[in-house]
Amino acid sequence: MKSVLAQVRTYERSVQLLMVNQFTINLGFYMLMPYLATHLAGPLGLAGWLVGLILGVRNFSQQGMFLVGGTLADRLGYKPMIIAGMLLRVVGFATLGLVDSVPALIAASAATGLAGALFNPATRAYLAADAGERRVEAFALFNVFYQAGILLGPLVGMVLTGIDFRITCLTAAGIFAALSIVQVRALPARRADGAKVQADGRRESVLSQWRSILANRPFLLFSLAMIGSYVMSFQVYLALPLEVRRLGGEGDFGTAAVAVLFAVSGLSTILGQTKVTAWCKARMEPGRALIGGLLVMGTAFLPLLAATAVPVPDSGAGLWLLAAVPPTLAAFLLALGTMIAYPFEMDTIVRLSGDRLVATHYGLYNTICGVGITLGNLLTGAALDAARAAGMSALPWIALTALGLACAAALYGLHRTGRLKPPAPSAPPVPATA
């Protein structure tokens, strides 16, 4: 960890602050969100469909507004959107802890999601701009701080929620309030330089900007090809815990084994991300690193597939090993694949944008992948149900492995045809001669 901190200190102060910000954002978010459903269904006594609605509104408002948040960041500047998102999350988190009416809870959940849509594209575009030629290494470090927040947040939240969920909400709101003050005082203003000025001197319209991005075919194809990586990585929260509990039960062992999944995923990234990125950058082109990352993610489900051929013991150490080891190995391989791909993925978005409207590109990319995650999880859940009903436990793992191979093949096609390279700069207009 000392080497990580030493590497962080070699960047500009703005980049250092953005990394610390992301750790703090995830700390505050994950200390609250994992326990929100229990609070809504338990002390508040809401029906299951209402709990699902409130949580779904947060996800929809975030994924659906990423493009708007990115566009605003490119037009108004990165810093205002980061601060606006922080303040909106203060309001959302405080409201979640202080109200019990369904309309207010829905509004608070929507505000929490919209906040993420405002600051996420702006943060990544700001980081890419200030990191310059060291973008790949900067995004590797960014992922370390990102995962550290995810790892620590639920632990802090568990302690606070054990006292009172309202304390958790108000503490999370306080973290974002303090972070907002830090942004106002310490984060330099940074405005994107990607909007064209038309012949009449007016700035290019939003619709014109969106049309230009939708016409960027390599970027759209890349976004679609990368959906599978997000669907696969999300299985650490969906398919793998369900598999652990299917075999290990709902008791203390199942709970501990699921906790190990998250710990392995987070700690391996914190300890290995910068080393993996340095190794890949020294030996691979960005396109090949992306392909390799998705191939590793696809192979992550092979241990689970192999485990389906092993007879399930009735009890004892054999059952515990079967329930814990293959999912844990899968979680590690998913983390490794993400470590390989993520920094090059973020850099590729910037390169495919031509360094123009970077936040808007990030916003659309997040929206496309967010929709893909939702559909992918629905299909994964259906595959898990079908596998149980038909007695074909191998079905989900075959499907997820095939998804990884298909996405890697799509990226290989884009890389081989040169579509992952930055677009050629447009020639300046030739002045008319008399």
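Okay, let's start with a term: a salt bridge here is a side-chain nitrogen of Lys or Arg within 4 Å of a carboxyl oxygen of Asp or Glu. Keep that in your heads, since this structure holds 9 of them. One more thing before we go on: what you have in front of you is a predicted model.

So, the overall picture. We've got 17 helices and 0 strands in the chain. The C-alpha trace spans about 90 × 50 × 45 Å along its principal axes. What about the radius of gyration? For 434 residues, a compact globule would come out near 22 Å, and the chain has 22 Å, so the two agree. Buried residues account for 51% of the 434. And if you take contacts between residues at least 6 apart in sequence, 84% of them join residues at least 24 apart. On the outside, the chain exposes about 19,200 Å², with carbon and sulfur atoms supplying 68% of that.

Now let's go inside. The largest nonpolar core has 118 residues, and the ones touching the most other members are Met19, Leu32, Phe93, Phe222, Leu240, Tyr362 and Leu411. Which helix gives the most to this core? That's helix 15, with 14 residues. There's also another core lying apart from it, with 5 residues, including Leu247, Leu319, Leu322 and Ala323.

Let me pick out Leu411 for a second. Leaving aside residues up to four places away in sequence, Leu411 touches Phe222, Ala225, Met226, Leu290, Ile291, Leu294 and Leu420.

Back to the salt bridges, then. Generally speaking, side chains of opposite charge can pair when their charged atoms come close. Here, Arg135, Asp347, Arg351 and Asp355 are linked in a network of them. Let's walk through two of the pairs. Asp347 and Arg135 meet at 2.7 Å, N to O. Asp347 sits in helix 15 and Arg135 in helix 7, so this pair ties together parts that are 212 residues apart in sequence. Are these two buried or exposed? Asp347 is buried, at 7% relative accessibility, and Arg135 is buried too, at 12%.

Arg135 also forms a salt bridge with Asp355, where the closest N and O atoms are 3.9 Å apart. Asp355 lies in the loop between helix 15 and helix 16, so here the parts tied together are 220 residues apart in sequence. Asp355 itself counts as exposed, because its relative accessibility is 52% and the cut-off for exposed is over 50%.

Stay in that loop with me, between helix 15 (317-353) and helix 16 (358-390). Asp355 has a positive phi of about 60 degrees, although it's not a glycine. Leu357 is in this loop as well, and Leu357, also not a glycine, has a positive phi of about 55 degrees. But Leu357 is buried, with a relative accessible area of 2%.

For a pair from elsewhere, look at Glu285 and Arg288: they form a salt bridge with the closest N and O atoms 4.0 Å apart. Glu285 is partly exposed at 44%, and Arg288 is partly exposed at 46%.

Last stop, the surface. Leu152, Leu155 and Met158 make a nonpolar patch of about 280 Å². Leu152 belongs to helix 7, residues 135-163, and counts as partly exposed at 36% relative accessibility. Helix 7 is also where we met Arg135 earlier.

Note on methods. Residues numbered from 1 in each chain as written. Predicted model: local features only at pLDDT ≥ 70, side-chain atom pairs only at ≥ 80, totals over all residues. Heavy atoms only, no water. Patch = residues over 30% accessible without salt bridge, like charges linked within 9 Å, V, L, I, M, F, W, Y side chains within 5 Å. Areas by Shrake-Rupley, 256 points an atom, 1.4 Å probe, with all protein chains shown as cover. Helix = DSSP H or I, 4+ residues; strand = E, 2+ residues; numbered from the N terminus. Buried < 20%, exposed > 50% of the residue type's maximum accessible area, 1.4 Å probe, protein only. Rg over C-alpha atoms; globule rule 2.2 N^0.38 Å. Contact = heavy atoms within 4.5 Å. Core = buried A, V, L, I, M, F, W, Y, C linked by side-chain atoms within 4.5 Å.
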